[in-house]
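Grab a pencil and work through these short exercises with the picture open beside you. Try each task yourself before you read its solution.

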Amino acid sequence: MLDMLSEVDYCQKMIATEFQKPLQMTDEEEELFKAAEECHICGGKYLDTEVRVRDHCHITDKYRGSAHQDCNLKLRISPKEFKVPVIFHNLRGYGSHFIMQEIGSIGKSNDLSINCIPNNMEKYMAFMLSKHLVFLDSFQFMASSLERLAANLPTDTFKYTSDVFENFRKTCHQYYKLDPCHYFTSPGLSWDAMLKMTGIKLELMTDVDMF
Ligand SMILES: [Zn+2]
């Protein structure tokens with residue numbers, strides 16, 4: 001548990017110092033930027049009036065592509081709000097119980113901020129330690145035993161919880177360009193995937209009798 005607290009400290013320091021790297025660009029990338037006709041984030045073709053910017057990763061300093069100014073701002077990670085996901089399988093049903101008991105006793109004396117999304121007094125869907133560590137439950141996305149989930153992976157790889165969830169993230173990225181780590185459960189993720197894939201704009205409900 002104390003290791004976890006030092007991890008919280010470490011994450012906070014790393015994020016403050018390492019996650020704001022300025023862009024490093026090769027000549028070849030500059031040429032690609034000048035020639036780009038569409039935004040690499042939304043895939044839309046540029047109109048003459050739109051401002052184009054060089055989108056880069058603030059963690060690795062690498063150039064990612066040419067993008068709309070708006071799209072670039074939306075994708076930005078703020079060092080102040082950045083979250084490091086910690087994944088447990090069945091966190092809500094089992095793991096969180098022991099962790100929270102310990103955190104409760106240690107957290108108070110360490111001035112650690114703790115937030116959670118509770119289902120009830122005993123079950124937590126997710127919880128956050130300080131500003132940057134968020135504990136998520138992979139069971140909320142894949143409601144099956146680890147054994148069964150691991151059976152879907154290629155046989156020549158090591159099979160840990162992380163492999164199962166990383167594989168799921170990769171698939172979501174590939175199909176929807178969404179990261180499950182930004183969600184707490186699969187309904188939230190599938191709702192956004194639906195909005196993104198259909199491009200539908202929901203009407204504001206202005207009439208109480210509408211639905
Ligand atoms: Zn765009």
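Two strands count as paired if DSSP finds at least two bridges between them, and strands themselves are DSSP runs of E, at least two residues long, numbered from the N terminus. Keep in mind that you're looking at a predicted model.

**Exercise 1. Get an overview of the protein: how many helices and strands does it have, and in what order do they run from the N terminus on?**

Step 1: Count the elements, and you get seven helices and six strands.

Step 2: Walk along the chain from the N terminus, and the elements read α-α-β-β-α-β-α-β-β-β-α-α-α.

Step 3: Check the overall dimensions: along its principal axes, the C-alpha trace spans about 60 × 50 × 45 Å. Of the 211 residues, 15% count as buried.

**Exercise 2. Work out the open sheet of four strands: what is the strand order?**

Step 1: Begin with strand 3 (residues 84-88) and strand 6 (residues 133-137), which pair in the parallel sense over five bridges. Within this pair, Ile-87 stands opposite Leu-136, and Phe-88 has Asp-137 as its bridge partner.

Step 2: Move on to strand 5, which runs antiparallel to strand 6 and is joined to it by three bridges. Here Phe-127 faces Phe-135 of strand 6.

Step 3: Put the pieces together, and the order is 3-6-5-4, with mixed pairing. Strand 3 and strand 4 are the edge strands, since each pairs on one side only. From one strand to the next, the twist averages 20°.

A handy reminder: strands of a sheet pair through backbone hydrogen bonds, either parallel or antiparallel.

**Exercise 3. Look at the hairpin of strand 5 and strand 6: how many residues lie between them?**

Step 1: Follow the chain from strand 5 to strand 6, and you'll pass three residues.

Step 2: Look at Ser-130 in that turn; its phi is positive, at about 50°.

**Exercise 4. Is Lys-123 buried, partly exposed or exposed, and where is it found?**

Step 1: Place the residue: Lys-123 sits in the loop between strand 4 (114-118) and strand 5 (124-129).

Step 2: Count its C-beta neighbours inside 10 Å, which gives 15. Buried needs 20 or more and exposed needs 12 or fewer, so Lys-123 counts as partly exposed.

Step 3: Leave aside neighbours within four places in sequence, and Lys-123 is in contact with Arg-92 and Pro-118.

Step 4: Compare sequence with space for Tyr-94: Lys-123 is 29 residues away from it in sequence, while their C-alpha atoms are 8.5 Å apart.

Definitions and conventions. Residues are numbered from 1 along each chain as its sequence is written. This is a predicted model: local features need pLDDT of at least 70, side-chain atom pairs count only at pLDDT 80 or more; totals for chains, interfaces and linings use all residues. Two residues are in contact if their C-beta atoms, placed from the backbone, lie within 7 Å. Axes are lines fitted to C-alpha atoms, for helices over the stretch in contact, and angles run from 0 to 180 degrees between N-to-C directions.
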